[in-house]
Protein chains: 2
Amino acid sequence: MVTLGLDIGGANLKFAIQDYGEIIYFPMWKKARDLENELRRISERFNPERVGVVITAELSDCFSCRNDGIIFVSDAVKKAFSSELFFMDIKGKLSKNIDEPKLFYASNWIASSEFLLMEGWRNFIFADMGSTTTDLIPITNRIKAARTDHERLKRGELLYFGILRTPIFYVLPKFDVPLTSEYFAITADAFIVTGDIGIKEYTCDTPDGREKSLKECMTRLARSVCLDADDEKYLTELAHAVKEKMVERVAEAMKELSEKHDIEKVVGCGIGEFILEKAAEMHELEYIPLSEHYKLAKLFPAYAIAKLVELE
Amino acid sequence: MVTLGLDIGGANLKFAIQDYGEIIYFPMWKKARDLENELRRISERFNPERVGVVITAELSDCFSCRNDGIIFVSDAVKKAFSSELFFMDIKGKLSKNIDEPKLFYASNWIASSEFLLMEGWRNFIFADMGSTTTDLIPITNRIKAARTDHERLKRGELLYFGILRTPIFYVLPKFDVPLTSEYFAITADAFIVTGDIGIKEYTCDTPDGREKSLKECMTRLARSVCLDADDEKYLTELAHAVKEKMVERVAEAMKELSEKHDIEKVVGCGIGEFILEKAAEMHELEYIPLSEHYKLAKLFPAYAIAKLVELE
């Protein structure tokens, strides 16, 4: 039986089918109307018998409220696929229909967590750093995180920054000067300059619509402190400061959760694994990269929901 | 002689002619190509003999660098007006041509300061809070501020937030929960909810392209903490927290400059005067609203440059 896993986020569509997966940059706030067609293309390519779905796109401001977002997205899925559908809710339950939308807000990390529990993993912080956000989910022999994003923000289980789309002033309000509040530069610009990602991994749009080259990334960083890109040394330091601040903030949150739940181990995935690893090291937590255990660690929720549905 | 004052910013065009003035929302990053036509309309309406120009739009990311920005903007001015032109540089000098663009970066606060000095004002912090930024310029019997935005950021003479366009997480990173880093809500949304501005004063675009009504502003605030707009009391508190944080941060910067330069008086203008006044009060600095002395205090640099050019 061919099962497809779908993780429909606010900025990316991710899908996994057996050992194959893709991350498609899909800014929902611009392209919601194309969602059904985009999904139909996936459906036609793979013709899956079953599809497992997790949704986080409902917060996108193309929807009036999250309820409408869940309904819109799930309707698009229903229209695009003739397969048997399974939606995962925040309790980890799979349903063929969405009766109560609010139970389906931001459920992608639940699929990852439930799958890892099923695979026998215990006593760890499940960490998933993506383009936009970072999940830190304490798990003992069950999920100990809150079930809403608001509550997870409060507890440090959801850090609202990632390695591509986050305005740099969110993670680094001040360098040698306070940064401007304009949408001039994002974390992807910083990580091109630090060399942690290549141009191919800079999958989102640039803030100014220009190229993803080192020079243009430097120019964007420069603007954020009211400069031009003359001083490469200074701008490289700025990029590294962004990275260090992200590592520090993740490390701090990991430490707090580790102490609260008496957990010493972090199991990490997502395109930001390189940050998660450094953060775990900072407070001497054991770090296990999921990429050593699973091929599709960069889009783990999509992989996990496919696996969970396969076993349903 | 009819003299027009023009303040060309990154988000607004402001002009003053005698006692009349207008602020036109003009997002340069979207509309740079229309600049010449927009200016031509102003030229044809008023047919001024002289035009005084100050520019801050050069930092906009529609330009590769600030040098190009100054050249682009000054070229548009030259093409649109057949009047005698005067550009003010960061030393306060008026020139008919721009030979060295870097001397013309971010000069609008210079015009205001020079004009106030000429009018006899002494020993004060000139404060101008606009849609996007806040200038705090210490003036004794001369301007004591740095002459570049980067250096002014460092010294607290430029605060990069204002009462309309600033993402709320820039001024309030954390409420009861850390705010998300999405461009969901701006300070204008908060000030609609606090009642400090009306819909007509919300002159910039909304982040989600929806209405400027109280309900939609609340929805935008709610998104920024991963909620819907159910709890009006909570969201009103959030809006007030944004305001209070802005007042605090302005107050802190005022206090520092006041102590450094031994100045006890703040002279304020701009659409954010209501914040400046509260900030000055916080540390018992004397506050003088320029609106009690000049009709066009909301677009003071445009008014000031017109007056300075009149006397040239």
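## Close-up views of a predicted model

**Figure 1. No disulfides are present.** Over all chains, the structure holds zero disulfides. The model is a predicted one. Two cysteines, one in chain A and one in chain B, are shown in the next two views.

**Figure 2. A:Cys204 is a buried cysteine with no bonding partner.** Which cysteine sulfur is closest to that of A:Cys204? The sulfur of A:Cys217 is, at 9.9 Å. That is too far for a bond, because a disulfide needs the two sulfur atoms within 2.5 Å. Relative accessibility at A:Cys204 is 2%, so the residue counts as buried.

**Figure 3. B:Cys62 is partly exposed and too far from B:Cys65 for a bond.** Here the closest cysteine sulfur belongs to B:Cys65. The distance is 11 Å, so no bond can be assigned. B:Cys62 has 25% relative accessibility and therefore counts as partly exposed. The buried class requires a value under 20%.

**Figure 4. A:Ala106 has a positive phi in a loop.** The phi angle of A:Ala106 is about 50°, although the residue is not a glycine. Where does A:Ala106 lie? It is in the chain A loop between strand E6 (94–95) and helix H4 (108–118). Is A:Ala106 buried or exposed? Its relative accessible area is 5%, so A:Ala106 is buried.

**Figure 5. A:Asn123 has a positive phi in the loop after H4.** Phi is near 50° at A:Asn123, again in a residue other than glycine. The loop runs between H4 and strand E7 (124–129) of chain A. A:Asn123 has 42% relative accessibility and so counts as partly exposed.

**Figure 6. Chain A, the setting for the two loops, has 11 helices and 11 strands.** What radius of gyration does chain A have? The value is 19 Å. A compact globule of 312 residues would have one near 20 Å, so the two agree. The C-alpha trace spans about 55 × 45 × 35 Å along its principal axes. Buried residues account for 62% of the 312 in chain A. Take the contacts between residues at least 6 apart in sequence: 60% of them join residues at least 24 apart.

**Figure 7. The surface and charges of chain A.** Chain A exposes about 12200 Å². Carbon and sulfur atoms supply 45% of that area. How many charged side chains of each sign does chain A have? There are 41 positive and 52 negative ones. The centres of the two sets lie 4 Å apart.

Terms used:
Residues numbered from 1 in each chain as written. Chains lettered and ligands numbered in written order. Predicted model: local features only at pLDDT ≥ 70, side-chain atom pairs only at ≥ 80, totals over all residues. Heavy atoms only, no water. Helix = DSSP H or I, 4+ residues; strand = E, 2+ residues; numbered from the N terminus. Rg over C-alpha atoms; globule rule 2.2 N^0.38 Å. Buried < 20%, exposed > 50% of the residue type's maximum accessible area, 1.4 Å probe, protein only. Contact = heavy atoms within 4.5 Å. Areas by Shrake-Rupley, 256 points an atom, 1.4 Å probe, with all protein chains shown as cover. Lys, Arg positive; Asp, Glu negative; His and termini not counted. Charge placed at Lys NZ, Arg CZ, Asp CG, Glu CD.
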